[in-house]
Number of protein chains: 4
Amino acid sequence: MTGPKHSCGVVGISADHDIVAVLQKALMIIQHRGQESAGISVFDGMTIHTVKDAGLVQTALSRSRIEGLHGNMGIGHVRYATTGGKGVRNAQPLTMTTAFGVVAIGHNGDITNYGNLRKEYLANGAVFQTDSDTELIINIMSKYLGQNSNPILAIRATMSEIDGAYALVLIINDRLFAVRDPHGIRPLILGKIKGGYVAVSESAAIDALGGQIVRDVVPGEIVEIFKDSFKSNMPKFTCPYAHCMFEWVYFARPDSVIDGQEVYDVRRRIGVVLARESPAKVDLVMPIPDSGRAHAIGFSNESGIPYEEGFMKNRFAERTFIMPDQHERELAVSTKMNPIKSTVAGKKVLIVDDSIVRGTTLKQLVLMLRKAGAKEVHVRIGSPPITAPCYYGVDMKTRDQFIANGHSVDEICKIIGADSLGYISISGLVEAIGIPAEKLCLACLNGQYPTRIEGERERFQSTLGDSSFQS
Amino acid sequence: MTGPKHSCGVVGISADHDIVAVLQKALMIIQHRGQESAGISVFDGMTIHTVKDAGLVQTALSRSRIEGLHGNMGIGHVRYATTGGKGVRNAQPLTMTTAFGVVAIGHNGDITNYGNLRKEYLANGAVFQTDSDTELIINIMSKYLGQNSNPILAIRATMSEIDGAYALVLIINDRLFAVRDPHGIRPLILGKIKGGYVAVSESAAIDALGGQIVRDVVPGEIVEIFKDSFKSNMPKFTCPYAHCMFEWVYFARPDSVIDGQEVYDVRRRIGVVLARESPAKVDLVMPIPDSGRAHAIGFSNESGIPYEEGFMKNRFAERTFIMPDQHERELAVSTKMNPIKSTVAGKKVLIVDDSIVRGTTLKQLVLMLRKAGAKEVHVRIGSPPITAPCYYGVDMKTRDQFIANGHSVDEICKIIGADSLGYISISGLVEAIGIPAEKLCLACLNGQYPTRIEGERERFQSTLGDSSFQS
Amino acid sequence: MTGPKHSCGVVGISADHDIVAVLQKALMIIQHRGQESAGISVFDGMTIHTVKDAGLVQTALSRSRIEGLHGNMGIGHVRYATTGGKGVRNAQPLTMTTAFGVVAIGHNGDITNYGNLRKEYLANGAVFQTDSDTELIINIMSKYLGQNSNPILAIRATMSEIDGAYALVLIINDRLFAVRDPHGIRPLILGKIKGGYVAVSESAAIDALGGQIVRDVVPGEIVEIFKDSFKSNMPKFTCPYAHCMFEWVYFARPDSVIDGQEVYDVRRRIGVVLARESPAKVDLVMPIPDSGRAHAIGFSNESGIPYEEGFMKNRFAERTFIMPDQHERELAVSTKMNPIKSTVAGKKVLIVDDSIVRGTTLKQLVLMLRKAGAKEVHVRIGSPPITAPCYYGVDMKTRDQFIANGHSVDEICKIIGADSLGYISISGLVEAIGIPAEKLCLACLNGQYPTRIEGERERFQSTLGDSSFQS
Amino acid sequence: MTGPKHSCGVVGISADHDIVAVLQKALMIIQHRGQESAGISVFDGMTIHTVKDAGLVQTALSRSRIEGLHGNMGIGHVRYATTGGKGVRNAQPLTMTTAFGVVAIGHNGDITNYGNLRKEYLANGAVFQTDSDTELIINIMSKYLGQNSNPILAIRATMSEIDGAYALVLIINDRLFAVRDPHGIRPLILGKIKGGYVAVSESAAIDALGGQIVRDVVPGEIVEIFKDSFKSNMPKFTCPYAHCMFEWVYFARPDSVIDGQEVYDVRRRIGVVLARESPAKVDLVMPIPDSGRAHAIGFSNESGIPYEEGFMKNRFAERTFIMPDQHERELAVSTKMNPIKSTVAGKKVLIVDDSIVRGTTLKQLVLMLRKAGAKEVHVRIGSPPITAPCYYGVDMKTRDQFIANGHSVDEICKIIGADSLGYISISGLVEAIGIPAEKLCLACLNGQYPTRIEGERERFQSTLGDSSFQS
């Protein structure tokens, strides 16, 4: 609820039958990763056709828009704009003609050396129609495709130029590839479906397609996907992994499995750790729906304090509406969330959410509970304080938006008006995720970035002869 | 999830300030009662303006569509079509010019003697542009307004002609009325908001507007609503009340209070009763989200069996999509609901939902859980078996759709593939609701109808041997 | 160009084959009579289906909207709103259920005693959803259908109540009727097409359908149309005819024949009469396109002065656009019309148009010609000065809009900046039309109205002691 | 009517005030040059904003779409697709970021060596998102801008690489340029408007903006346009001019002046020449509206045969509609054009049109006239027989579509069913245009192309024996 927003989701499928409707369905399953535009590119045996538009999958890729489209191989993309506008202009897949043929690409992530690379390519005569790093990736790839017609070599050469987070799906002429950045920041997983293979941002899509998980794409791996198999091209050098911890905490669906860890289980364990680290004497535990639900169940199960659903979330109030005066504006949050009075009145209440960015919504929810008669309101948060920007595809790019930047936990507790506030510790979070800290990206928590970012501290540079980089 | 669909929601507001945005917000809060069309009629001091269209509030009443609209008094409506088409043609409010002036009406419910009344009015020269019972109500009201310019007498006379369920909001020239049928089948509640008064289908809207509940509209009552007060006109004869039990079980928001009973609490108590009536030795209790959540929490709290969220519901999969072959069609439910494997694998699982109509979806969900590795799957249902049609505004009008019609509980258990199946008993449900059975409509459970329905048994005729309460 | 706007067009077809596309085509041919909404009602053998919307035929009745519609009998309507709003709410055909069955109606004209009749019917309990006189007509018809199930008697009785101009197409259950008001103010003509019969506002539609004109519907006649014949019901009493002279002067297509007179020929003869009545020593004659073209050709042929096209009309500039300041606003007319400099520079020019209402556009056109270098600009107008309102379906309902009301011809000449101005005389116009004055409606020219209009002079009232007006 | 379709129109404006609405208006005036998409790019002092979409100016650049756009310098484009799809993807202006800054371009014409150049640039690493030659032009320009930051040198270098027809408007960062190809195939003219200067495809736009023609852009010239002046960069070598004769015959508005010749006057002179070259003993001369009108007036004036408008053109029948069977399909032309029977019945009729491509429509029109009673139907055509494809922006790219390819005039006369058929001679056409043949492009008439086209004969190679004018 109060967490950050995420960038995108991708899918690529090769099968022995028409996969247009399959792509459409897969994108619906990962729609939560991007709701601003949706698109698919399909190879029909001769050429690549693309349909994309602003809006949700059900409108951008509605039945009437895709009914003429057919093909056994294709890629799809849903987009949340972390940079650039929201219109159809920036919708993906992006399709381009190069010397080697046609390339269609879908990209989840952010290229961190985009600015310098773009200048370099401009100086060499490249032209750009958008501000997106995806267009840059195609330009780089085009250069290498022109030099060497082997697409795997071209992708590998492109990866040697770009830094940052990326999970890519690519059609190059009649071949389909899935690519994950060497740090494995964004998720990408392989699955077997009836009559074909799929690579997709989240495993829940493989379930929904009736398929089975094969394995995660390895960081730095290039996978070529065929209808009846896939073929791996592994990186020569292994980077330290840096899986984004926020995928488990908030972004991914609870029914997905990311890099071996079930998201729902991680969230439950976060609740368990929270209950141990920050216990509270309260009458009931309740989530901020829908984001804090699994965390709250874990807290309840560990503490033995009853679990209740004390907030009603209105699923029709996604978008803003007319608020002519201050009175109305204050009522805005109340359209999305309403406390259930009989549940909270006269009670000591503990609410659990996944994270705090600005804290403004949380402050209003605490106030709502008090107005509804709660005797005490305690807050527990399933991630440590966020204090540093993310450059890897999450919509929090500046420090001044973080309430935890410059405020102690006690100060934040007062600002949001809670009786107590407990964040999970970094070590507690790492324990709950079940992956060693050195294989996670915790940059937004500790300011140590897995790749070189101008003006930021690079995790492994400063500690290269030294593995004590952990706090 | 697997329950029936409901008809409509209404709201009427009078205040000392412009209430267009307030109406819009209130309709968003009761949007779950009808998602096919939305509309408002506003009295601007001179005349009544109406904006309505097919679609959700956010599109049918978008900012650009209502920005020119102003007024201190108005009504609103959201519609789920139980009869007739879905288009703008049937959107409400319906506005008509009569001899007495302009009438705008919003209607939640179904008029059961519609067919006969329509024939009668046609024979007397009336013409109808739609098949809706709302148009009939205006025609009847027009007759009485023509005979007697007192709108309250006209409404009362209209109520003497029509049978069935209705919660009405009405503007007659410059006066605003809220009306509830003599049995109180559909809910309608009065609230005080800043600078005004409101009547609305559900109390959650009063919360969201920052107001306070005043009281439910009494069955048979006509309430005139002013900006600074309201005035009641009570029925001369009191009918037996017949509040629809399904409002608490499924239709209403959990944060609403209907006829004095908090919906969330009723659902929790249903879970408690279910746990007593149909206990089970299982490892965990989980809801069918979102409909079974409060029932499951009650079951968990009473039984001491841990509560888990074992299904992920995809909120973007509301609408259907292309399903070119049988293989795809089977995958349709899986787009909406996916089990969380790590939670259910190897476990004895008990799932709770509000009701069963056809049982087809439930069957697929049970199968999904087994495929996900559940050792046992037990099902508990928060309402007794549905065996009789509803004629009062719920979309279940024929007997042959009910799985419980002609099948025993054991047979149903086998059909849906569960290890055990338990419905709450009628007496258990009544206990959980907290209102005596004789004040509830249980017609879909026991076939006893509170009003005369051709071909059906009337509750009080058969039980009282006395029809003198009528007219 | 500078003339008034007109109300509507209607068509009704019965055939031995599906006529949906035929209706659509016929409406395209009479699209000039109404561009605000379009609709069709089709009887499919069982019931009547209606498709209608705001916009031109090509959008309101686009292929996708009508592809599911089938039937061998139907009516259609295109609308220019002389009263009420422009939205889909007022689109026709209007369909209503009455005691006798379903009635669909399309109406071209205005009912002049609408106000009194509406009050009367309201008092008797009727309700109205719109302000249109068409809804009133159905209410009246419904009353008589209820009294007597013979639709022809009901139509005849309805005609005895309503005054004014009307050309109606009607489906009553499974029967199709075409009706023309007793004065024959608006046109309506019968045609034979392949496999069927048609009644339509203008004969050009019969041509476009590959059919042959049968004859005009007689004023006061009710025609029932079958697939293989038609059957006439003639009025008992013959009113004096009053065909609207503006149909020939401006409204109708030049390729239509109305009440026996070819429209193009009438316009040419108007030019001939103008050349005789108001000759001029000029170098060339040119029309205001497209409205004055035939008149100008007649003037040129009669006078021997060369005909030129000196204005270019931009067919893409139908609608207004952003005009941020006065400078831009002055340029507005110039987007629609541009003089061809080489044609007019240094020349004495005579321009011909059909009529003058306000004179504002004409003034700008004269100025344009002078700026383009014309030495002299003379103006000739194909209708006499308009000084009285029209109550019969033309969008000129008040006196103060007419430049000829209160200004002499000399004064108007000065206002528009012309070197000379000549209107055709009333007698000249009558001669050109070829129908005796007593069979024409000239009310907007001489203030004598063929029907009783409150506050206006009735033509035949003044001559009541004299029945010799009939030919 | 029966002529070919044309490619595009462009405009560029620099002024001391906001020119967004001015661009919009100018595009409306040249809308006839392209009706598939419209767009504008405006420099607001900081950067370039682009609004473009499929559709007419009034929808693609509607008030709501451009109301936030402001700037004193901008370019605009209307498009008819001669290659590629019709969607927004191919709408112009095209905007790209290059090493030198941002470039926006609008292009009217076709680059004839596009295929080879594209291959060359692809091989050098360029990528293309569309199939349009406009994207290629920007890539070439980008290369030269990267080499040399002087935009005029970059444009000149670009012109040395591309062959074909092009009239370009360009914004390069904060500078506005207008460019015409060295042969001057497509028109481009400079004008002075209030507070600024304009370059536009047709002079009629300068009139509509209240401005004055300055002069045509010289073939091969680059003009930089400022708000208070313009600056010319002339080509070092002058190519033989090759103005497209079809601009005067059909494409341009009659009120435009192209390369010094008034379009209406040229058309009238064509009619005069036709009357001399191919006289006929007929009763009346009539145009195919709207394309043949000026030609017919010229014929009438020269021959003394009366001019009449014998066809009614339906301006609402632009688009196709449902035609379920052959019977309906035959009626299609009749929706667009209807003869006026009283004018043609019993008469010897001569019709004049601008050109014949396939002849199919003309055949139907002749038949219509005969059915309407014409005694004889004679046809005169304002251009010589078209026998060779156009590679310069006109939608006639293959030989097999031309009826004159393989048929003599007598044969064509029989095919279209006329009593006589006369084309104007090439020399007659040249005389009417008033420009020497060696300065016109007559390639579609004589197969001699002004630029090198693979498989076609180049005009000056064969005639001059000297290719030194190139490069």
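## A tour from a sheet in chain B to the whole model

Select strands β17, β20, β21 and β22 of chain B: these 4 strands form an open sheet in that order, with parallel pairing. Strands here are DSSP runs of E of at least two residues, and helices are runs of H or I of at least four residues, both numbered from the N terminus; two strands pair if DSSP finds at least two bridges between them. At the edges are β17 (284-287) and β22 (420-423) of chain B, each of which pairs on one side only. On average, neighbouring strands of this sheet are turned by 20° against each other, direction ignored.

This is a predicted model: local features need pLDDT of at least 70, side-chain atom pairs count only at pLDDT 80 or more, and totals for chains, interfaces and linings use all residues. Residues are numbered from 1 along each chain as its sequence is written, while chains are lettered from A and ligands numbered from 1 in the order in which they are written.

Next, select residues 376-381 of chain B, strand β21, which pairs with β22(B) in the parallel sense over 4 bridges. B:Val379 stands opposite B:Leu421 in β22(B). Now add helix α14 (residues 360-371) of chain B, which packs on the sheet and touches β20 (348-353) and β21 of chain B; its direction makes about 150° with that of β21(B). Contact means that C-beta atoms, placed from the backbone, lie within 7 Å. Angles run from 0 to 180 degrees between N-to-C directions, with axes fitted to C-alpha atoms, for helices over the stretch in contact. Helix α15 (residues 409-416) of chain B lies across β21 and β22 of chain B, at about 130° to β22(B).

Move to chain C and select β12 (residues 222-225). C:Ile222 and C:Glu224 on one side, and C:Val223 and C:Ile225 on the other, are all buried (20 or more other C-beta atoms within 10 Å of their own, C-beta atoms being placed from the backbone). Strand β8 (residues 175-180) of chain C pairs with β12(C) in the antiparallel sense over 4 bridges, and C:Phe177 has C:Glu224 as its bridge partner. β12(C) also pairs antiparallel with β13 (residues 230-233) of chain C over 4 bridges; there C:Val223 is matched with C:Ser232. A hairpin of 4 residues joins β12(C) to β13(C).

Finally, show chain A whole. Its secondary structure comes to 18 helices and 25 strands, and its C-alpha trace spans about 70 × 60 × 45 Å along the principal axes. Buried residues make up 60% of its 471 residues.

Definitions and conventions:
Buried ≥ 20, exposed ≤ 12 C-beta atoms within 10 Å, placed from the backbone. Contact = placed C-beta atoms within 7 Å.
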